Amino acid sequence: MATHDSNRETSPTVTDTLRYWRQSLSKALPSTSSGRVAYVFLAPFFVLFGLFLAFPIVFTLYLSFFKFNGVTQETVFWLDLGFHVIELNEMQLAFVGFENYTRLLSDAMFHQAMFNTVFILLLQVPLMVGIALLLAVALDASFVRFKGLFRTMLALPVSANLVAYSTVFLLLMQETGLVNFVLTTLGFQPIPWLSSDFWSRMTIVGAVTWRWTGYNMIILLAGLQNVPQQLYEAAEIDGANRIEKFRYVTIPQLRPVLLFVFVTSTIGTFKLFAEPIIINGGGAPLESTITIVQYIYMTAFIDFNLGYASALTYVLIAVVSVLSIVQIRLGGENDA
Amino acid sequence: MREADRREGVWKFLTYTFILVMIVLTIVPLYWIVIASTLPEEAFLTAGTAPQLFPGGEFWANFSALQDRLNIGFLMFDELLGTDFGFLGAIANSVFIAVVYTLLSLVICSMAGFAFAKYEFRFKEPIFYTILATLVLPIQLLVIPLFLLMSQLGMTNTYWAIILPWAANPLGIFLMRQNMKSLPDALLESARMDGATEFQLYYRIALPTMKSSLAALSIILFLFQWNLFLFPLVILEGDKYTIPVAINQLVGAQRVYYDQIMVAATLSIIPIFLLFLFLQKQFVSGILAGSVKE
């Protein structure tokens with residue numbers, strides 16, 4: 001340090017300047033060899049993270065202020081990788097400011113997509129979490145046998161491919177499908193599961209609930225194992241019955257886990273895409289089940305309106321991020 | 001006393017009934033896929049026909065109709081052999097992509113997690129929290145910039161376009177860092193004394209002790225890739241389709257080929273179903289690992 005300071009007082013020569021730069025550089029970089037190794041370990045992560053995650057996040061925001069008119073043949077930049085030459089062509093973008101965002105406010109289809117998503121969400125998430133919680137408590141009861149087998153069977157839908165299982169619901173819910181057969185056999189009227197606005201949303205609610213209840217049950221079951229047994233014993237001494245134990249011990253103790261399940265399910269429903277696109281493709285009226293992600297997909301890759309679709313994506317990302325932050329906040333409070 | 005016993009009995013009965021009803025509701029759709037795949041379409045779509053409880057004999061007829069409908073290749077084998085593989089090509093593509101993605105992502109995430117857990121370097125905390133912040137983003141939604149990026153890089157309709165974007169998985173690095181932290185520093189230090197290189201510390205000490213967390217993470221990664229639909233739909237063309245995109249192609253506006261779809265669904269569920277039965281413990285720890293908070 002001392003020599004370094006005295007160098008700076010006299011007029012610096014080229015070598016002095018170089019030494020100064022080298023010293024600041026070695027201070028900026030880690031001093032030990034092991035620290036430098038860390039960068040080697042991190043390098044592949046950062047290349048991919050930067051190119052395919054950080055850049056797209058920023059680029060989506062950028063695109064949302066433009067109107068996209070296509071990619072021209074004019075090369076603006078090329079990379080010679082030796083074995084392969086990559087040409088980057090010029091993109092035709094017209095700046096439109098906040099126009100994409102203001103358009104959103106008066107876009108009937110966007111409102112419909114938002115309405116459908118929230119409608120499905122408000123019915124599906126409480127229904128699924130409710131069933132998952134009851135199942136977890138039932139399986140946790142000391143007298144229940146074959147716990148492992150029951151849990152396995154209930155969690156089986158986790159293994160079903162998202163698109164594959166959606167098509168199964170399309171089949172089950174046909175006018176002449178299995179569900180309506182059971183209903184008519186029991187003396188009920190058949191339900192237009194796929195052709196009515198209301199019931200086609202119900203079909204999606206049912207499908208999503210079927211796919212994810214077992215998954216959430218596993219998380220809740222693990223949460224139940226962490227509830228101290230003494231709390232139940234103390235409640236028993238105080239004369240609490242089953243319902244009271246559930247209400248005053250289980251629910252408060254499970255709160256962080258329940259919250260996690262609620263928020264991840266909400267976010268999952270916001271990202272709904274495979275189910276509505278299959279149900280729509282199979283004949284349900286488009287407006288009744290179109291979700292935000294489906295609308296983004298159609299705007300971007302059928303109408304090729306990439307700028308507007310980017311604005312839609314950003315609105316959705318903002319909603320989902322806020323929900324996640326709320327989750328972390330509430331969860332954190334409870335842990336403390 | 002007898003009154004209490006009776007109520008206890010009713011309670012047990014209700015609990016078992018609830019569990020069993022839920023199991024039936026869970027299993028019936030899965031069972032129905034398998035049954036429907038063995039029946040002619042009329043047998044399960046004609047009004048008033050009672051559902052068959054046992055498999056019929058039409059599986060191979062439905063299967064060959066499915067194979068004829070789709071023209072999907074796998075790697076360079078379709079060109080090499082001069083033939084496509086029908087729906088089996090989609091299974092091969094899905095398995096191949098998911099396996100390569102899982103392995104690549106495991107290497108990348110465990111290396112980065114090791115660095116964050118066991119080394120000191122500049123801006124370590126801010127970098128790590130930046131990565132954590134992206135955990136809340138629905139990264140599957142970044143399809144528009146990724147589509148433009150891939151078409152600019154000439155990578156549309158390649159396996160890499162599906163594999164690379166999520167290989168640097170934020171959840172993966174987070175889980176690896178949390179688990180690697182429990183690795184005793186003294187162990188690493190003594191290995192250093194014995195002349196081990198830094199890479200050997202990672203490869204010979206860190207990785208073998210992380211086996212169970214690596215298994216849990218690989219389940220998360222595999223299922224993530226296995227269920228990806230939106231981006232493959234955008235970026236892949238017919239010859240490289242994965243299972244979800246291939247099945248989606250059978251759902252047309254004019255006609256839905258249910259018999260063929262049910263064969264495809266049966267075939268696509270079998271691999272994960274077996275994996276689930278044999279690796280149940282890892283599935284459960286994978287699901288739980290995805291739900292941990294700091």
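UniProt, in an unreviewed entry, places the feature "transmembrane region" at five stretches of chain A: residues 37–65, 118–141, 153–172, 257–279 and 306–326. The structure discussed here is a predicted model, so it's worth asking what the chain looks like along two of these stretches. Residues 306–326 of chain A are 100% helix and 0% strand, and their end C-alpha atoms sit 30 Å apart. Residues 118–141 of chain A come out at 96% helix, again with 0% strand, and here the end C-alpha atoms are 34 Å apart.

Chain B has its own set. For "transmembrane region", again from an unreviewed entry, UniProt lists residues 12–34, 85–115, 127–147, 159–176, 214–236 and 256–279 of chain B. Over residues 127–147 of chain B, helix takes up 62% of the span and strand 0%, with 26 Å between the end C-alpha atoms. Residues 159–176 of chain B are 67% helix and 0% strand, and their end C-alpha atoms also lie 26 Å apart.

Stepping back to chain A as a whole, its secondary structure amounts to 15 helices and two strands. Of its 336 residues, 39% are buried. Among the contacts in chain A with a separation of 6 or more, 67% link residues that are 24 or more positions apart. The domain assignment splits out domain 1 (67–97) and domain 2 (103–335) of chain A, and the C-alpha centres of these two domains are 41 Å apart.

Then there's the meeting of the two chains. Here 75 residues of chain B are in contact with 81 residues of chain A. On the chain B side, at least two residues each come from α1 (2–36), α5 (86–118), α7 (143–152), α11 (198–209), α13 (230–235), α14 (243–250), α15 (258–278) and α16 (280–289). The largest share, 13 residues, is supplied by α1(B). Sorted by class, the side of chain B that touches chain A holds 58 nonpolar, twelve polar and five charged residues.

Two helices of chain A show how parts of both chains come together. Helix α12 (residues 274–281) of chain A is largely enclosed by the rest of the structure, because seven of its eight residues are buried. The buried ones are A:A274, A:E275, A:P276, A:I277, A:I278, A:I279 and A:N280. Their cover includes α7 (162–172), α9 (197–225), α13 (286–289) and α14 (292–301) of chain A, along with α14 of chain B.

Helix α6 (residues 147–155) of chain A has A:R151, A:L154 and A:A155 as its buried residues. Looking down the axis of α6(A), these residues fall within an arc of 95°, so they line one face of the helix. In general, an α-helix has 3.6 residues a turn, so residues three or four places apart point the same way. The buried residues of α6(A) pack against α5 (108–140) and α9 of chain A, and also against α1 of chain B.

Over in chain B, B:I219 makes a handy close-up. This residue belongs to helix α12 (residues 211–226) of chain B. B:I219 has 22 other C-beta atoms within 10 Å, and the cut-off for a buried residue is 20 or more, so B:I219 counts as buried. Setting aside neighbours within four places in sequence, B:I219 is in contact with B:L279, B:Q282, B:F283 and B:G286. B:I205, by contrast, is 14 residues from B:I219 in sequence and 22 Å away in space, C-alpha to C-alpha.

Terms used:
Residues numbered from 1 in each chain as written. Chains lettered and ligands numbered in written order. Predicted model: local features only at pLDDT ≥ 70, side-chain atom pairs only at ≥ 80, totals over all residues. Helix = DSSP H or I, 4+ residues; strand = E, 2+ residues; numbered from the N terminus. Buried ≥ 20, exposed ≤ 12 C-beta atoms within 10 Å, placed from the backbone. Contact = placed C-beta atoms within 7 Å. Nonpolar A, V, L, I, M, F, W, Y, C, P; charged D, E, K, R; others polar. UniProt positions renumbered as here; feature names shortened; annotations may be inferred. Domains from an automatic or database assignment. Arc of directions from axis to C-beta.
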